[in-house]
Amino acid sequence: MAGNANNIWTKEDIAIVRDAIANALSGSVLVVDYEIAPFIVEVTMNAACERDFPVILDPSPADRVKQNLFSQVTYQASIIANQRK
């Protein structure tokens, strides 16, 4: 494991993300969480919505969530904090 490895995204990666969504098969579904850089989540969700793909969002970690993006969410994962078996 490499700490913060999921945050190593650059502005140059935006084109790669948009291209991946643009070339995804019809009927695809985007599943995303905020473990990656928040600006990539936003770009990805916007691109998926442009293609009318359903978006499933796991809104965690919660301190990164941009609530203005909830209008683009088709399904939201439930959060149960600190649940133990």
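What follows is a short walk through one chain, from its overall layout down to a few individual residues. Please keep in mind that this is a predicted model, and that what I say describes the model.

Let me start with the layout. The chain contains two helices and three strands, and if you read along the sequence these elements come in the pattern α-β-α-β-β. Of the 85 residues, 28% are buried, and the chain exposes about 6000 Å², of which carbon and sulfur atoms supply 51%. If you take the contacts with a separation of 6 or more, 67% of them are between residues 24 or more positions apart.

Now to the sheet. The three strands form an open sheet in the order β1-β2-β3, with parallel pairing, and the edge strands, each of which pairs on one side only, are β1, residues 30-33, and β3. As a general reminder, the strands of a sheet pair through backbone hydrogen bonds, either parallel or antiparallel. Between β1 and β2, which run parallel, there are four bridges; in that pairing Leu30 has Val55 as its bridge partner in β2, and Val31 has Ile56. On the other side, β2 and β3 are joined in the parallel sense over two bridges, and here Leu57 stands opposite Gln76 in β3.

The side chains of these strands deserve a moment. In a regular strand the side chains alternate between the two faces of the sheet. Along β1 we find this alternation, with Leu30 and Val32 pointing to one face and buried, while Val31 and Asp33 point to the other face and are not buried. Along β2 the side chains alternate as well: Val55 and Leu57 point to one face and are buried, whereas Ile56 and Asp58 point to the other and are not.

Let me turn to the helices. Helix α2 lies across β1 and β2, and α2 runs at about 160° to β1. In helix α1, which spans residues 13-22, the buried residues are Asp13, Ile14, Val17 and Ile21. Seen down the axis of α1, these buried residues fall within an arc of 110°, so they line one face of the helix. An α-helix has 3.6 residues a turn, so residues three or four places apart point the same way. What do the buried residues of α1 pack against? They pack against α2, while Ala15 and Ile16, on the other side of α1, are exposed.

The next stop is the loop between α2 and β2, where Phe53 lies. Is Phe53 buried or exposed? Phe53 has a relative accessible area of 7%, and because the limit for buried is under 20%, Phe53 counts as buried. Leaving aside residues up to four places away in sequence, Phe53 touches Ile21, Ala24, Leu25, Ser26, Gly27, Ser28 and Ala48. One of these, Ser28, is 25 residues from Phe53 along the chain, and yet their C-alpha atoms are separated by 6.0 Å.

Asp52 sits in that loop between α2 and β2 too, but at 68% relative accessibility Asp52 counts as exposed. Asp52 also has a positive phi of about 60°, although it is not a glycine. For context, most residues other than glycine have a negative phi, and most peptide bonds are trans. That second point brings me to Pro61, in the loop between β2 and β3, since the peptide bond from Ser60 to Pro61 is cis, with omega near -5°.

Finally, the charged side chains. How many salt bridges does the count come to? The count comes to one salt bridge, in which the side chains of Glu42 and Lys66 meet at 3.2 Å, N to O. This pair links distant parts of the chain, with Glu42 in helix α2, residues 38-50, and Lys66 in the loop between β2, residues 55-58, and β3, residues 75-76, so that the two are 24 residues apart. As for accessibility, Glu42 counts as partly exposed at 25%, and Lys66, with a relative accessible area of 36%, is partly exposed as well.

To close, I would keep two points in view: the open sheet of three strands with parallel pairing, and helix α2, which lies across β1 and β2 and against which the buried residues of α1 pack.

Notes. Residues are numbered from 1 along each chain as its sequence is written. This is a predicted model: local features need pLDDT of at least 70, side-chain atom pairs count only at pLDDT 80 or more; totals for chains, interfaces and linings use all residues. Side-chain values use heavy atoms; hydrogens and water are left out. Buried means under 20% relative accessible area, exposed over 50%, partly exposed in between (1.4 Å probe, protein chains only). Contact means heavy atoms within 4.5 Å. Accessible areas come from the Shrake-Rupley method with a 1.4 Å probe; for residues, only the protein chains shown count as cover. A salt bridge is a side-chain nitrogen of Lys or Arg within 4 Å of a carboxyl oxygen of Asp or Glu. Two strands pair if DSSP finds at least two bridges between them. Axes are lines fitted to C-alpha atoms, for helices over the stretch in contact, and angles run from 0 to 180 degrees between N-to-C directions. The arc is that of the directions from the helix axis to the C-beta atoms.
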